[in-house]
Amino acid sequence: MIVEQKKIKYLWGKETVWADTDSYRGSFMSIKHGQTVYDNSKVSRKETVYVLYGTLIIELNDGQHEVKKGQSFHLDTGIERILRAPYDDVDIVVISN
């Protein structure tokens, strides 16, 4: 079955949701250079982020984490996070449940 993708434009970039079920969600996110994403909506979900392009800064309560192209980062539920693209554009894949 072909899944209809949901494409969303934001001031900070864009998101393409390519899977959205009761069990999980998958999306591609493109964050423009110099932009910040205040990602409080995902606090109730576990997420794994994979960086396709660029260097992503993830800010959590315990500090900043630099995630480079080809690296993954896991986020547990209940943790507010801020995503930043300070060096260049960043493309990521996000899987959550």
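## Strands, salt bridges and ring pairs

I31 stands opposite V90, a residue of strand β10. I start with that pair as a way into the sheet. Before going further: this is a predicted model.

Strand β10 covers residues 90-96. Its pairing with β3 is antiparallel and runs over seven bridges. Both strands belong to an open sheet of six strands. Reading across, the order is β1-β2-β3-β10-β5-β8, and the pairing is antiparallel. Which strands form the edges? They are β1, residues 6-9, and β8, residues 72-75, and each of them pairs on one side only. On average, neighbouring strands of this sheet are turned by 20° against each other, with direction ignored.

Now to the β1 end of the sheet. β1 and β2 make a hairpin, and three residues sit between the two strands. Four bridges join β1 and β2, again in the antiparallel sense. One residue pair to look for here is K9 with its bridge partner K14 in β2.

Staying in strand β2, please find T16. Is T16 buried or exposed? T16 has 17% relative accessibility and counts as buried, because the cut-off for buried is under 20%. Leaving aside residues up to four places away in sequence, T16 touches Q5, K6 and K7, and also G26, S27 and F28.

Next, the charged side chains. How many salt bridges does the structure hold? There are five, and I will go through some of them.

Take R25 and E15 to begin with. They form a salt bridge in which the closest N and O atoms are 3.3 Å apart. R25 lies in strand β3, residues 25-31, and E15 lies in strand β2, residues 13-20, so this pair ties together parts that are ten residues apart in sequence. As for accessibility, E15 is buried, with a relative accessible area of 4%. R25 is buried as well, at 16%. The pair also belongs to something wider: E15, D20 and R25 are linked in a network of salt bridges.

The next salt bridge is between E59 and R84, where the closest N and O atoms are 2.3 Å apart. What does this pair link? It links distant parts of the chain, with E59 in strand β6, residues 55-60, and R84 in strand β9, residues 82-84, which puts the two residues 25 apart. E59 counts as buried, with 18% relative accessibility. R84, at 25% relative accessibility, counts as partly exposed. The two residues fall into separate classes because buried means under 20% and partly exposed begins above that.

One more salt bridge, between E66 and K68. Here the closest N and O atoms are 3.7 Å apart. Why does this pair still count as a salt bridge? Because the cut-off between nitrogen and carboxyl oxygen is 4 Å. E66 is partly exposed, at 41% relative accessibility. K68 is partly exposed too, at 42%.

That leaves the aromatic rings. A pair of aromatic rings is described by how far apart the centres are and by the angle of the planes. The count of aromatic pairs comes to two.

In one pair, Y10 and W12 are stacked, with 4.4 Å from centre to centre and 10° between the planes. W12 is buried, with a relative accessible area of 13%, while Y10 is partly exposed, at 33%.

What kind of pair do W18 and F28 make? Their ring centres are 6.0 Å apart and their planes stand at 40°, so the pair is tilted. The angle falls in that class because stacked needs under 30 degrees and edge-to-face needs over 60. W18 lies in strand β2 and F28 in strand β3, so this pair, too, ties together parts that are ten residues apart in sequence. Both residues count as partly exposed, W18 at 30% relative accessibility and F28 at 39%.

To put β2 and β3 together before I stop: the two strands are neighbours in the order of the sheet. The salt bridge between R25 and E15 joins them, and so does the ring pair of W18 and F28. T16, which is also in strand β2, touches F28 among other residues. That is the part of the model I would bring up on screen.

Conventions
Residues numbered from 1 in each chain as written. Predicted model: local features only at pLDDT ≥ 70, side-chain atom pairs only at ≥ 80, totals over all residues. Heavy atoms only, no water. Buried < 20%, exposed > 50% of the residue type's maximum accessible area, 1.4 Å probe, protein only. Pairing = 2+ DSSP bridges. Axes fitted to C-alpha atoms, helices over the stretch in contact; angles between N-to-C directions. Contact = heavy atoms within 4.5 Å. Phe/Tyr/Trp six-rings, centres within 6.5 Å; stacked < 30°, edge-to-face > 60°.
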